[in-house]
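Reader: I would like a close look at one part of this structure, taken residue by residue. Please keep it plain.

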Amino acid sequence: YYVRDPDMTLTASLDGMWETDAEIMPTALRTVPRREDWTEVLHGPATMDNVFTGWDGRAVIGFPSRGFAVEMTADAGWLVVYAPTSEAIACIEPVTHPTDPFNDPAHDGLRLLAPGETTTLTTRFRVAATGSRR
């Protein structure tokens, strides 16, 4: 979770978003031309709680008024963004699969493990000054 400043930014290479119902279950995949700037999903008129697709494993969360940015890298193909309108917070997290993969015929990203088998997800955070502090 991050404090969601009014000028907080989100940069990540993404190509789609799973739309959800009232229970936050995926209903439809909305594809979009690949782009980098996703800042508007942090500051929209409705709560954002969605899984984004096509992630290349790198996101930058910027805090211009505070003069720093957080670069997050992970070996995951999906990115969850949670930004409730009721609070000044945002959660941006890597995930290995979209929500509810068991009910998706493609089982995208789902890793089935044998008894005793393990898996890992490595996430790294790098904080850097941006020099644009106001």
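**The β7–β8 hairpin and its surroundings**

Author: Strands β7 and β8 are joined by a hairpin through 5 residues. This is a predicted model. The two strands pair in the antiparallel sense over 5 bridges. One of the pairings sets Val80 against its bridge partner in β8, Glu93.

β8 also pairs with β1 (residues 2–3), again antiparallel, through 2 bridges. There, Val3 stands opposite Ile89 of β8. Of the 7 residues of β8, 5 are buried, so this strand is largely enclosed by the rest of the structure.

The hairpin strands also feed the largest nonpolar core, which has 25 residues; Met8, Leu10, Phe52, Trp55, Leu79 and Ile92 touch the most other members. At least two residues of this core come from each of β2 (9–20), β4, β5 (58–63), β6 (68–74), β7 (78–83) and β8 (89–95). β2 gives the most, with 4 residues.

Leu79 has contacts that include Phe52, Trp55, Met72 and Ile92. Leu79 also touches polar company, including Asn50 and Glu93.

Asn50 lies in strand β4 (residues 48–53). Its relative accessibility is 8%, and because buried means under 20%, Asn50 counts as buried. The side chain of Asn50 reaches the backbone oxygen of Trp18 at 2.8 Å. Beyond residues up to four places away in sequence, Asn50 touches Leu79, Val80 and Val81 on one stretch of the chain, and Met17, Trp18, Glu19 and Thr20 on another.

Definitions and conventions:
Residues are numbered from 1 along each chain as its sequence is written. This is a predicted model: local features need pLDDT of at least 70, side-chain atom pairs count only at pLDDT 80 or more; totals for chains, interfaces and linings use all residues. Side-chain values use heavy atoms; hydrogens and water are left out. Buried means under 20% relative accessible area, exposed over 50%, partly exposed in between (1.4 Å probe, protein chains only). A polar contact is a pair of N or O atoms within 3.5 Å; within protein, one must be able to donate a hydrogen and the other to accept it, and residues adjacent in sequence count only if both atoms are side-chain atoms. Contact means heavy atoms within 4.5 Å. A nonpolar core is a set of buried Ala, Val, Leu, Ile, Met, Phe, Trp, Tyr and Cys residues joined through side-chain atoms within 4.5 Å. Two strands pair if DSSP finds at least two bridges between them.
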